[in-house]
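Subject: A structure for you to look at

Hi there,

Here is the structure I promised to pass on to you. Please open it next to this email and find each residue as you read.

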Amino acid sequence: MKKVIIAAAALLISFNSFAQFGIIAGLTSSSTNIKSAYADLESKSIALYHVGVTAKFDLGGVFAIQPSLIYNVKGAKLADFDLGTIDFRTGFIELPVQIQAGVPIGSLLRIYGIAEPFIGYAVSNKVSGKTFEDNWANVSSKFEYGVGLGAGVELFSHLQLSVRYFWNLGNVYDFSWKTVSNAPNGKCNGITASLAFLF
């Protein structure tokens with residue numbers, strides 16, 4: 001038993017020596033695919049935000065894995081002559097997991113590419129410009145999943161700046177309130193720019 005405890009402690013110390021923990025925040029700009037459903041509706045992207053905690057696990061040399069737990073607000077602005085302007089702002093608790101492949105440049109800079117699958121669950125939804133009986137009426141599913149691709153730079157092994165384009169692979173919004181039929185559910189895709197500080 002004593003040997004097992006010593007081995008587990010050694011493994012934990014070794015694992016922590018390759019781990020950094022930190023905070024992450026930035027901008028999220030998203031839009032929907034509603035234009036393909038309604039020619040008279042215009043969908044505009046809106047700049048929102050995300051904030052949370054992150055952890056980077058160095059796998060040695062080129063690769064690293066960096067999961068995060070964030071609150072990410074996505075949405076869109078719709079303009080239409082019938083409905084006026086409508087803003088959707090949906091807040092998700094998200095778990096993105098970055099798979100990083102990069103190269104150091106000198107001793108202070110690392111440039112890396114990102115593949116980032118994510119899952120999330122909607123915990124808030126605010127609709128302005130139109131009254132719904134149910135404030136969740138425009139949300140097709142609270143559960144979301146998708147993938148992002150991008151690139152980043154890391155300075156001094158502590159400061160990261162990254163940009164990613166993300167695709168929600170499931171349906172996020174329900175536009176059936178405009179017409180009863182022929183309304184596909186809405187995707188929510190866009191760009192995130194993040195700043196992370198690793199301790």
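Below is what I found, starting with the aromatic rings. Please keep in mind that this is a predicted model.

**Aromatic pairs**

How many aromatic pairs does a search of the whole structure find? The search gives six. A pair of aromatic rings is described by the distance of the centres and the angle of the planes. Take Phe118 and Phe166 as one of the pairs: their ring centres are 6.4 Å apart and their planes meet at 85°, so this pair is edge-to-face, since an angle over 60 degrees earns that name. The two partners come from distant parts of the chain, 48 residues apart. Phe118 belongs to strand β6 (residues 109-128), while Phe166 belongs to strand β8 (residues 159-168). Are these two rings buried or exposed? Phe118 has a relative accessible area of 6%, so it is buried, because the limit for that word is under 20%. Phe166 is buried as well, at 5%.

Another edge-to-face pair joins Phe197 and Phe199, with 5.1 Å from centre to centre and 80° between the planes. Phe197 is partly exposed, at 37% relative accessibility. Phe199 has 58%, so it counts as exposed, because that word applies over 50%.

**Charges over rings**

Two lysines are worth finding on your screen. The charged end of Lys74 sits over the ring of Phe92, 5.6 Å from the ring centre. Lys142 lies over the face of Trp136, and here the distance to the ring centre is 4.1 Å.

**Two residues in strands**

Next, have a look at Ser68, which is found in strand β4 (residues 63-80). Its relative accessible area is 7%, so Ser68 is buried. Which side chain does the side chain of Ser68 meet in a polar contact? That partner is Thr54, at 2.8 Å. If we set aside residues up to four places away in sequence, Ser68 touches Ile24, Val53, Thr54, Glu94, Leu95 and Pro96.

Ala47 is part of strand β3 (residues 46-58). With 61% relative accessibility, Ala47 is exposed. Apart from neighbours within four places in sequence, Ala47 is in contact with Thr28 and Ser29. You can also find Ala76, 29 residues away from Ala47 along the chain: the C-alpha atoms of these two are 8.9 Å apart.

Enjoy exploring, and write back with any questions!

Best wishes

Conventions
Residues numbered from 1 in each chain as written. Predicted model: local features only at pLDDT ≥ 70, side-chain atom pairs only at ≥ 80, totals over all residues. Heavy atoms only, no water. Phe/Tyr/Trp six-rings, centres within 6.5 Å; stacked < 30°, edge-to-face > 60°. Helix = DSSP H or I, 4+ residues; strand = E, 2+ residues; numbered from the N terminus. Buried < 20%, exposed > 50% of the residue type's maximum accessible area, 1.4 Å probe, protein only. Lys NZ or Arg CZ within 6 Å of the ring centre and 35° of its normal. Contact = heavy atoms within 4.5 Å. Polar contact = N/O pair within 3.5 Å; in protein donor to acceptor, adjacent residues only side chain to side chain.
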